[in-house]
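Here is a short note for a colleague who is opening this structure for the first time. Please read the numbered points with the model in view.

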Amino acid sequence: MNKQLRKAIIAGNWKMNKNRAEAELFINELKPIAADKNCEVVVCVPFTSLATAVEAVGGTNIKVGAQNVHFEASGAFTGEISVAMLKDIGAEYVIIGHSERRQYFGETDETVNKRTKAALAGGLIPIVCVGEHLWERQANITEEVVSRQIKLAFAGIDAADAAKIVIAYEPVWAIGTGLTASNEQAQEACKLIRDRLSGLYGKPVADSITIQYGGSMNAGNAAELLAKEDVDGGLIGGASLKAADFGTIIDAANN
Ligand code: PEP
């Protein structure tokens, strides 16, 4: 099965939660849970907790990511953070194009593409989020929406770089709502994404790319979602804030 060829990645998106002391406490609780696991474990923390998190994960298999990055290298962009700054602090991953950034902060497919290219050029692993709104699913245009997001996110990116990108399929209607896509809906969308990647880069590259599911994944539903052929991991919001719950999801990915 091709699933075995891919790295399972369980990433927590803390959003605007946890100060430095809370970040350190969480990581110390997570360390024994994450130790010796085959899957990659990532915590995407607020900018203000990055340094603390990087220090706390030292010598462990836990990786640290940011939740956004600017595409310019430097300059007059008040309030923004560059790829080089994230690398300097020790981050390895960055979430790009989360639906909350698209909804509240004017993120577009074009800026997702620019941020993704900048992250790749600077050596950060992008976790690129795509997913449809509820009205789009109800209007039966999920395929069209997600295909367009993928095409535009990957525009101008060659196969070697594309293979470094992680994709998170996150139906907007399932994020933070307690509504989870069914296992079949998650599989169908992740397979659609892989088919589109195959069209862009060929099957070997598409088969090597990790595609996560995100949207109210939790300790109770993770195992079934992660068992699906094209679901290679999870991007987890609410359930990533408690080490025990996040640990159960990591265990599910490890099995
Ligand atoms: C997310 O923020 O990416 C997410 C999936 O959130 P939640 O798990 O809370 O739905």
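1. Start with the lining of the second largest pocket. Its residues divide into nine nonpolar, five polar and four charged. The model is predicted, not experimental. The space in this second largest pocket comes to about 320 Å³. It is lined by 18 residues. Closest to the centre are Lys3, Gln4, Ala8, Ala253 and Asn255.

2. Two elements give two or more residues to the lining of the second largest pocket: helix 11 (222-226) and helix 12 (243-254). Helix 12 has the largest share, with three residues.

3. Turn now to the largest pocket. It holds about 420 Å³ of space. Its lining has 15 residues. Lys15, Met16, Gln67, Arg101 and Phe105 lie nearest the centre. By class, this lining splits into seven nonpolar, five polar and three charged residues. Which helix gives the most to the lining of the largest pocket? Helix 4, residues 99-104, does, with three residues. As background, a probe the size of a water molecule, rolled over the atoms, shows where empty space is left.

4. Next, the strands. Eight of them form a closed barrel. The order is 1-2-3-4-5-6-7-8, and the pairing is parallel. From one strand to the next, the twist averages 25°.

5. One pairing can be followed in detail. Strand 6 covers residues 166-169 and strand 7 covers residues 211-214. They pair in the parallel sense over three bridges. What is the bridge partner of alanine 168 in strand 7? The partner is glutamine 212.

6. Look next at helix 7, residues 142-153. This helix lies across strand 5 (125-130) and strand 6. Helix 7 runs at about 155° to strand 5.

7. Finally, charge pairs. Side chains of opposite charge can pair when their charged atoms come close. The model has 16 salt bridges, counting a side-chain nitrogen of Lys or Arg within 4 Å of a carboxyl oxygen of Asp or Glu. One of them joins glutamate 143 and arginine 196. The closest N and O atoms of this pair are 3.0 Å apart. Glutamate 143 sits in helix 7, and arginine 196 sits in helix 9 (residues 183-201). The two residues are 53 residues apart, so the salt bridge links distant parts of the chain. Helix 7 thus appears twice in this note: it lies across strands 5 and 6, and it holds glutamate 143.

Note on methods:
Residues are numbered from 1 along each chain as its sequence is written. This is a predicted model: local features need pLDDT of at least 70, side-chain atom pairs count only at pLDDT 80 or more; totals for chains, interfaces and linings use all residues. Side-chain values use heavy atoms; hydrogens and water are left out. On a 1 Å grid over the protein atoms alone, a cavity is a set of points where a 1.4 Å probe fits but cannot get out, and a pocket is an open set with protein on both sides within 12 Å along at least five of seven lines; lining residues have an atom within 4 Å of a point. Grid points are joined across faces, edges and corners, and a volume is the space filled by probe spheres set on the points. Helices (H or I, at least four residues) and strands (E, at least two) are DSSP runs, numbered from the N terminus. Ala, Val, Leu, Ile, Met, Phe, Trp, Tyr, Cys and Pro count as nonpolar, Asp, Glu, Lys and Arg as charged, and the others, Gly among them, as polar. Two strands pair if DSSP finds at least two bridges between them. Axes are lines fitted to C-alpha atoms, for helices over the stretch in contact, and angles run from 0 to 180 degrees between N-to-C directions. Contact means heavy atoms within 4.5 Å.
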